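Here is a briefing on one protein model. Please look over the sequence and structure first, then read the points below.

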Amino acid sequence: MRQRGRKEEILGLIGFEIFIKTACLSLGFPVLRELLKLCIKAAGYSYITKENLLPFLFSPLSLLCIVLGLTAVAVLLLFEMNTVSLALRQKRAGIKVTFPGLFYGGIKKTKILFRKKLQGALTAFLVLLFVAFVSLPIVFFLFFGIEQTKGAVNMAMRPPGLFILLAVTVSVWWVALLGCFFVLLSGTENGDMQKLLKMGIKGVRQFRGRIIFGLLKRSAILFALEIVLYFAGLALMIVIVLRITPEMVSAVILMRTFARYHFIICIFFVSVNVVIYEYFCASLFFGQENRETAPCPIEENMYAQAYMPKKMRVRKKLLSLATAVVLALAAVEMVVFFRNGNLFLAEALEEVCITAHRGASGGAPENTAAAVGLAIEEAADYVELDVRLTADGVAVLLHDAALFRTTRIPKYIWEVTYAEAAEYDAGSSYSADFAGEKIPSLEEIFERYGGEIGFNIELKVSDDRALAETVVELVERYHLEESCVITSSFYQQLVWVKELNRELKTGYILSFVYGDFYKSEAADFFSIRASFITEDVVKKAHLLGKEIHAWTINRENELKRMKAIGVDNIITDKPAYARKVIYGGGLAETIEEWILLLTPKK
Ligand code: G3P
Ligand code: MG
């Protein structure tokens with residue numbers, strides 16, 4: 001009987017958790033993304049950089065969104081915590097624990113807490129503190145990674161560090177725990193805040209030994225389990241990448257995949273840990289074995305019954321409908337994420353993004369499908385492609401107006417139709433290995449590679465609005481707005497692009513730096529010849545919320561200089577090499593050690 005109760009409780013909670021987390025993913029994530037875009041725009045920026053972060057955070061709309069966002073998170077956490085405690089107490093009262101029962105019971109309990117506004121706000125704040133506190137180790141690990149965490153642990157283990165750590169832990173610990181108990185107890189005293197606080201404080205004091213050791217023991221097990229999971233996942237990732245990618249680039253791909261893996265698994269741990277901790281605290285406080293000594297001896301049956309929703313049949317149907325909607329939305333969101341997710345993560349996680357110039361033109365003929373394929377293989381974030389129109393108005397990939405250099409045809413691109421251009425050999429002049437490689441249309445490239453890499457489309461003609469129109473139409477038709485930027489050395493082209501679609505990101509290409517170029521309204525970033533970029537140029541642009549992209553860099557020294565002065569994107573013919581130089585060092589060596597460890601040479 002007890003076993004069955006436990007199984008039901010866990011299943012009910014798992015159902016609830018899956019629903020609530022999927023809902024957050026499918027509804028919360030797009031809302032957050034759109035709000036962020038809106039705030040960036042309202043603050044007058046195109047991008048957030050290190051230099052404009054503070055003014056951005058303190059702009060009126062950002063502040064409002066931060067307050068609203070934190071409130072939403074706090075209420076959601078409160079709801080989750082209420083549900084966890086309800087599951088535990090329904091089980092103790094012998095009431096069947098179900099997902100709909102928990103969902104509606106949790107809402108009812110949360111509503112009661114908010115009947116008194118101050119009480120609701122205080123509880124929500126305490127819950128936020130509790131969650132921030134229990135997630136702190138993983139959040140630190142998420143932002144600072146393995147090396148820094150190791151350093152921080154070493155520092156904390158020395159006498160002064162240990163003292164500070166203990167002092168901070170002990171003081172925040174009590175407040176955080178108080179928040180947890182405040183929620184757990186709520187509803188038992190008809191919402192009398194003073195009584196609740198008193199009981200909470202009494203509970204925390206009375207049970208401190210059990211709580212501290214209970215939580216420490218459980219934390220140690222939980223963290224040990226997560227460390228094992230983290231490294232097992234890493235090993236699995238290395239084995240898979242080594243199997244599916246060519247040996248030459250596998251280390252580079254692993255460097256890139258590692259950042260994404262680290263980010264996703266840490267976010268997963270944070271969201272799981274919060275529930276587990278809530279459950280730990282609830283069971284330590286209301287645990288079966290301590291029933292007689294619980295600080296708030298109340299009639300469990302009455303308590304649990306008080307949160308049993310009425311008219312469950314209709315409510316169950318409503319919840320099933322909501323579950324179906326949430327699952328469908330999550331599926332759509334997944335598709336959108338995987339189509340643009342690579343870039344989203346690259347821009348959020350990487351210091352410098354890497355763009356393959358004219359495709360990975362160091363290893364394949366420029367502006368061909370082979371060069372785009374190689375850029376993807378070499379894990380570039382973006383591929384830069386030059387675009388012109390044929391006589392019949394088709395956008396094709398071509399750098400020079402004359403076809404001769406790459407195809408040996410003595411004509412200009414505006415003299416031939418797309419059907420004719422598609423006959424020419426754009427590979428042999430590079431190497432016999434690429435004989436037969438064609439001049440591709442932009443549409444072909446979108447069709448074949450859309451969603452696999454970001455595109456930097458350079459409009460090569462100055463006075464033809466049709467070029468901007470054709471490219472924007474293609475980007476919209478293939479839904480690549482989030483993974484495309486459009487660049488040109490002709491400012492008017494960018495003005496046309498913005499007229500056609502304000503949301504598209506644009507970059508002004510400059511061969512040298514002059515005057516007040518930062519203020520060019522129609523440009524979200526500047527793509528500048530590397531030799532003209534200085535730290536000052538980067539800082540000035542960043543303060544205005546604009547990025548600096550640097551071209552075309554293939555040498556180690558220049559790559560390192562660009563990283564040091566903080567450019568946002570490096571355009572190179574050799575994306576894999578550039579990544580090794582920029583992100584090499586400690587991480588590259590660790591990954592190489594792991595590769596050797598997992599694939600010992602016979
Ligand atoms: O994106 C900037 C860079 O491509 C400019 O050089 O001559 O290769 O188009 P180019
Ligand atoms: Mg170009």
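**Metal site and overall picture**

In sequence, the donor residues of the magnesium ion (ligand 2) follow the spacing E-x1-D-x71-E. Asp386 sits in strand S2 (residues 382-389) and Glu458 in strand S4 (residues 454-459), so this pair ties together parts that are 72 residues apart in sequence. The model is predicted, and its chain has an average pLDDT of 85.

**Magnesium donors**

- The protein donors to the magnesium ion (ligand 2) are Glu384 (OE), Asp386 (OD) and Glu458 (OE).
- They lie 2.0 to 2.1 Å from the ion.
- Asp386 and Glu458 are both buried.

**Confidence**

- A pLDDT of at least 70 is reached by 93% of the residues.
- Residues 288-298 fall below 50 in pLDDT.
- That stretch, residues 288-298, still has 21 contacts in the model beyond near neighbours in sequence.
- Where pLDDT is low, the predicted coordinates should not be read in detail.

**Nonpolar cores**

- The largest nonpolar core has 52 residues.
- The residues with the most contacts inside this core are Phe526, Ile528, Ile533, Ile548, Met562, Val567 and Ile570.
- Helix H9 (residues 247-286) gives the most to this core, with 12 residues.
- Another core, of 40 residues, lies apart from it. Among its members are Leu77, Val97, Phe280 and Cys281.

**Phe526 and Ser527**

- Leaving aside neighbours within four places in sequence, Phe526 is in contact with Tyr508, Leu510, Phe517, Tyr518, Ser520, Lys546, Glu547, Ile548 and His549.
- Ser527 belongs to strand S7 (residues 525-529).
- Is Ser527 buried or exposed? Ser527 has a relative accessible area of 2%, under the 20% cut-off, so this residue counts as buried.
- Not counting residues up to four places away in sequence, Ser527 touches Tyr508, Ile509, Leu510, His549, Trp551 and Ile571.

**Helix H11**

- Helix H11 (residues 312-349) has 38 residues, and a straight helix of that length would span 56 Å at 1.5 Å a residue.
- Between its end C-alpha atoms, H11 spans only 45 Å.
- Where does H11 bend? The bend is at Asn340, by about 60°.
- Asn340 is also one of the buried residues of H11.
- The other buried residues of H11 are Leu319, Val326, Ala330, Glu333, Gly341, Leu343, Leu345 and Ala346.

Terms used. Residues numbered from 1 in each chain as written. Chains lettered and ligands numbered in written order. Predicted model: local features only at pLDDT ≥ 70, side-chain atom pairs only at ≥ 80, totals over all residues. Heavy atoms only, no water. Donors = N, O, S within 2.8 Å, 3.2 Å for Na, K, Ca; no water. Helix = DSSP H or I, 4+ residues; strand = E, 2+ residues; numbered from the N terminus. Buried < 20%, exposed > 50% of the residue type's maximum accessible area, 1.4 Å probe, protein only. pLDDT = per-residue confidence, 0-100. Contact = heavy atoms within 4.5 Å. Core = buried A, V, L, I, M, F, W, Y, C linked by side-chain atoms within 4.5 Å. Expected span 1.5 Å × (residues − 1). Bend = angle between axes of the 7 residues up to and from the residue.
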